[in-house]
Amino acid sequence: MPHYRCFIPQDALSFDQRQEIALAFTDIHCGSTGAPRSFVSVTFLETPEGQTHEHGVGYYLDGGNRAGRSEEVKQQLLSDLTQAFARVANVAPEDIPGRITENPASWTMEGGFVLPEPGEEGPEWYAAAEAAAAAD
Amino acid sequence: MITFNCTIQEGIVPEDLRPRLASELARISTGFVGGNPDEVSVNWIEIPHGFGFRGGRLSTTSAVRGEIPPGLQQETRVELMQSIQDMWMDLTGCTTDELVVSARDRRDG
């Protein structure tokens with residue numbers, strides 16, 4: 001966690017664009033929340049022409065985060081992510097609807113640890129994340 | 001009803017291993033929350049190479065997201081996630097850093 005799922009039309013984005021969006025999302029999320037970079041997952045799901053995905057048609061940004069952040073932080077995060085997505089995809093931000101849903105951190109185990117609540121990350125958690133990143 | 005959505009990166013989890021993984025997910029989860037293993041649903045979502053990233057780099061991470069009946073004690077939930085993690089690492093050979101396991105309360109309606 002976090003996990004951002006980007007619904008995109010088939011063949012809409014090149015590999016370079018997808019990677020640029022993934023990097024931008026990582027920068028934005030970590031800049032906003034202080035989370036370790038290695039915890040930010042971004043997945044692109046293509047929808048063939050004439051078909052729909054679970055949120056309808058076209059672009060959609062579906063984020064899943066740990067619960068516990070203020071509504072203001074969440075809205076700013078979604079806005080910043082959408083702006084970056086739109087810039088790289090070369091579409092209007094209004095054409096990328098989205099949402100961020102939340103679940104308790106304690107419902108997820110990542111890197112061998114149950115995730116801490118936002119603001120309760122101890123030094124051992126950051127150390128483990130850094131070690132994982134260094135091992136890549 | 002217990003459901004697992006397993007998101008895996010292309011080439012990371014062999015197709016012939018998936019029935020065993022699904023069977024183990026059913027066995028382990030019903031062992032903690034009850035129910036019939038035959039009624040556990042396991043869905044596979046394979047992300048093509050170049051479409052999954054972690055930390056801005058290509059991902060090798062598998063995400064095993066379970067939805068379980070609400071109300072499980074946190075201590076038991078952790079034991080469930082730990083058991084799934086141990087099983088998955090044992091069968092696939094992945095490391096702890098290549099696996100995300102969640103056990104979320106099912107939202108009805």
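How many aromatic pairs does a search of the whole structure find over all chains? The model is a predicted one, and the search finds 7 such pairs. One of them joins Phe7(A) and Tyr60(A), which meet edge-to-face, at 6.5 Å centre to centre and with 70 degrees between the planes. Phe7(A) belongs to strand β1 of chain A and Tyr60(A) to strand β3 of chain A, so this pair ties together parts that are 53 residues apart in sequence. Both Phe7(A) and Tyr60(A) are buried.

Another pair is formed by Phe44(A) and Phe53(B): the ring centres are 6.0 Å apart and the planes stand at 90 degrees, so the pair is edge-to-face. This pair crosses between chains, running from strand β2 of chain A, where Phe44(A) lies, to strand β3 of chain B, where Phe53(B) lies. Phe44(A) is buried, with a relative accessible area of 1%, and Phe53(B) counts as buried at 2%. In addition, Tyr4(A), Phe25(A), Tyr59(A) and Phe85(A) form one aromatic cluster.

The strands that carry these two pairs belong to a sheet built from both chains. This open sheet has 6 strands in the order β4(A)-β3(A)-β1(A)-β2(A)-β3(B)-β4(B), and its pairing is mixed. Its edge strands are β4 (98-103) of chain A and β4 (57-58) of chain B, each of which pairs on one side only. The chains join where β2(A) pairs with β3(B) in the antiparallel sense over 3 bridges. There, Ser41(A) has Arg54(B) in β3(B) as its bridge partner.

Two helices of chain A pack on this sheet. Helix α1(A) touches β1, β2 and β3 of chain A together with β3 and β4 of chain B, and its direction makes about 140 degrees with that of β2(A). Helix α2(A) touches β1, β3 and β4 of chain A, with its direction at about 135 degrees to that of β4(A).

Helix α1 of chain A covers residues 15-33; its 19 residues reach 27 Å from first C-alpha to last, close to the 27 Å expected at 1.5 Å a residue. Its buried residues include Ile21(A), Phe25(A), Ile28(A) and Cys30(A). An α-helix has 3.6 residues a turn, so residues three or four places apart point the same way. The cover over the buried residues of α1(A) includes β1 (3-9), β2 (41-47), β3 (60-66) and α2 (71-89) of chain A together with β3 (52-54) of chain B. Just after α1(A), Gly34(A) takes a positive phi of about 80 degrees.

A further open sheet also draws on both chains. Its 6 strands follow the order β6(A)-β5(A)-β6(B)-β5(B)-β1(B)-β2(B), with mixed pairing. At its edges stand β6 (113-114) of chain A and β2 (41-47) of chain B; each has a single partner strand, so one side of each is left without a neighbour in the sheet. Strand β5 (residues 108-110) of chain A pairs with strand β6 (residues 99-105) of chain B in the antiparallel sense over 3 bridges. The bridge partner of Thr108(A) in β6(B) is Ser102(B).

Helix α1 (residues 18-33) of chain B packs on this sheet and touches β1 (3-9), β2 and β5 (62-68) of chain B; its direction makes about 135 degrees with that of β2(B). Helix α2 (residues 74-92) of chain B lies across β5 and β6 of chain A together with β1, β2, β5 and β6 of chain B, at about 145 degrees to β6(B).

The 16 residues of α1(B) reach 22 Å from first C-alpha to last, close to the 22 Å expected at 1.5 Å a residue. Among its buried residues are Leu21(B), Leu25(B) and Ile28(B), and what covers the buried residues of α1(B) includes β1, β2, β5 and α2 of chain B. Gly34(B), just after α1(B), takes a positive phi of about 85 degrees.

That leaves the cysteines and a loop residue. The count of disulfides over all chains is 0. Cys30(A) is in no disulfide, and the nearest cysteine sulfur, that of Cys6(A), is 15 Å away. Cys6(B) is in no disulfide either; the nearest cysteine sulfur there is that of Cys94(B), 12 Å away. Cys30(A) is buried, with a relative accessible area of 13%, and Cys6(B) counts as buried at 0%.

Is Glu120(A) buried or exposed? Glu120(A) sits in the loop between β6 and α3 (123-135) of chain A and is exposed, because its relative accessible area of 57% is over the 50% cut-off.

Conventions
Residues are numbered from 1 along each chain as its sequence is written. Chains are lettered from A and ligands numbered from 1 in the order in which they are written. This is a predicted model: local features need pLDDT of at least 70, side-chain atom pairs count only at pLDDT 80 or more; totals for chains, interfaces and linings use all residues. Side-chain values use heavy atoms; hydrogens and water are left out. A disulfide is a pair of cysteine sulfur atoms within 2.5 Å. Buried means under 20% relative accessible area, exposed over 50%, partly exposed in between (1.4 Å probe, protein chains only). Helices (H or I, at least four residues) and strands (E, at least two) are DSSP runs, numbered from the N terminus. The expected span of a helix is 1.5 Å times one less than its number of residues. Contact means heavy atoms within 4.5 Å. Two strands pair if DSSP finds at least two bridges between them. Axes are lines fitted to C-alpha atoms, for helices over the stretch in contact, and angles run from 0 to 180 degrees between N-to-C directions. Rings of Phe, Tyr and Trp (its six-membered ring) pair if their centres lie within 6.5 Å; planes under 30 degrees apart count as stacked, over 60 as edge-to-face and the rest as tilted.
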